[in-house]
Amino acid sequence: MSTTATAQHRPTVRAGIVGFVLVAAYAIVGVLQILVWNPLAAVPGATLGQIRADMARANEHLTGTGVVIWAGIGIALAAVVLLVAALRKTSRVGPVIAAYLVLLVFAAPGHLFVGFGPGMSLADTFMISGADHAPWGLVLYGVSAAALAGLIVVIIRAAHAASVVAE
């Protein structure tokens, strides 16, 4: 690859790295929200060990298998986008940004789905609401909403650019 092609390719790789970091951070925060922060906020004053013990006695479980699989899938998909961005010899940043925005948009319903079981187990054990008690779930949903808005902007800009080229 020539020096010019490498220089033109750098923004694409940089966008891939930033996108990967954002998706990985979302996944990690999502896991911590569901398995650590929310239980601690739902049962103030108790340790995570005490919460888990109380849940086990009530035949409820704070299982993390589905949550960790959800996070792993998100991080793996983000890694694939980064790999493709790094290996393709293109300077088009838009598709890379759009791919990461799509991952962030779909992370919210995934987070809601995998957090439902642990939230209901907390609710059944401690006779509380199954909703988020820690604020980070709302922050994650806000990030996904912002990603959706960003994705709409990217799509509109791409459509406008395509119509200008077609004229």
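This text leads the reader through the helices of the structure, its nonpolar core and several individual residues. The model is a predicted one.

A suitable starting point is the pairing of two helices. Helix α4 covers residues 94–126 and helix α5 covers residues 136–166; the two pack at an angle of about 145 degrees, and their axes lie 8 Å apart. Their crossing is left-handed. On the α4 side the contact includes Gly94, Ile97, Ala98, Leu101, Leu104, Val105, Ala107 and Ala108, while α5 contributes, among them, Gly137, Leu140, Tyr141, Ser144, Ala147 and Leu148. Sorted by character, the residues of this contact are 15 nonpolar and five polar, with no charged residue.

One of the α5 residues deserves a closer look. Ser144 belongs to helix α5. Its relative accessible area is 4%, and because buried means under 20%, Ser144 counts as buried. Beyond its neighbours within four places in sequence, Ser144 is in contact with Tyr26, Leu104, Val105, Ala107 and Ala108.

Tyr26 leads on to the interior. The largest nonpolar core holds 33 residues, and within this core Tyr26 and Tyr100 touch the most other members. Two or more residues of this core come from each of α1, α2 (48–57), α3 (65–87), α4 and α5. Helix α4 supplies the largest share, 11 residues. With neighbours within four places in sequence set aside, the contacts of Tyr26 are Trp70, Leu104, Ala107, Ala108, Leu140, Tyr141, Val143 and Ser144.

Trp70 directs attention to helix α3. The buried residues Val67, Trp70, Ala71, Gly74, Ala78, Val81 and Ala85 lie in this helix. Such spacing may be read with a general property in mind: an α-helix has 3.6 residues a turn, so residues three or four places apart point the same way. The length of α3 can also be checked. At 1.5 Å a residue, its 23 residues should span 33 Å; the end C-alpha atoms are 32 Å apart, and the two values therefore agree.

Val36 offers a final example, in helix α1, which covers residues 3–42. Is Val36 buried or partly exposed? Its relative accessible area is 24%, so Val36 is partly exposed, since the buried class ends at 20% and the exposed class requires over 50%. Not counting residues up to four places away in sequence, Val36 touches Val31 and Leu48. Val36 and Val143 are 107 residues apart along the chain, and their C-alpha atoms are separated by 20 Å.

Methods
Residues numbered from 1 in each chain as written. Predicted model: local features only at pLDDT ≥ 70, side-chain atom pairs only at ≥ 80, totals over all residues. Heavy atoms only, no water. Axes fitted to C-alpha atoms, helices over the stretch in contact; angles between N-to-C directions. Helix = DSSP H or I, 4+ residues; strand = E, 2+ residues; numbered from the N terminus. Left-handed = near helix turned anticlockwise from the far one by under 90°. Contact = heavy atoms within 4.5 Å. Nonpolar A, V, L, I, M, F, W, Y, C, P; charged D, E, K, R; others polar. Buried < 20%, exposed > 50% of the residue type's maximum accessible area, 1.4 Å probe, protein only. Core = buried A, V, L, I, M, F, W, Y, C linked by side-chain atoms within 4.5 Å. Expected span 1.5 Å × (residues − 1).
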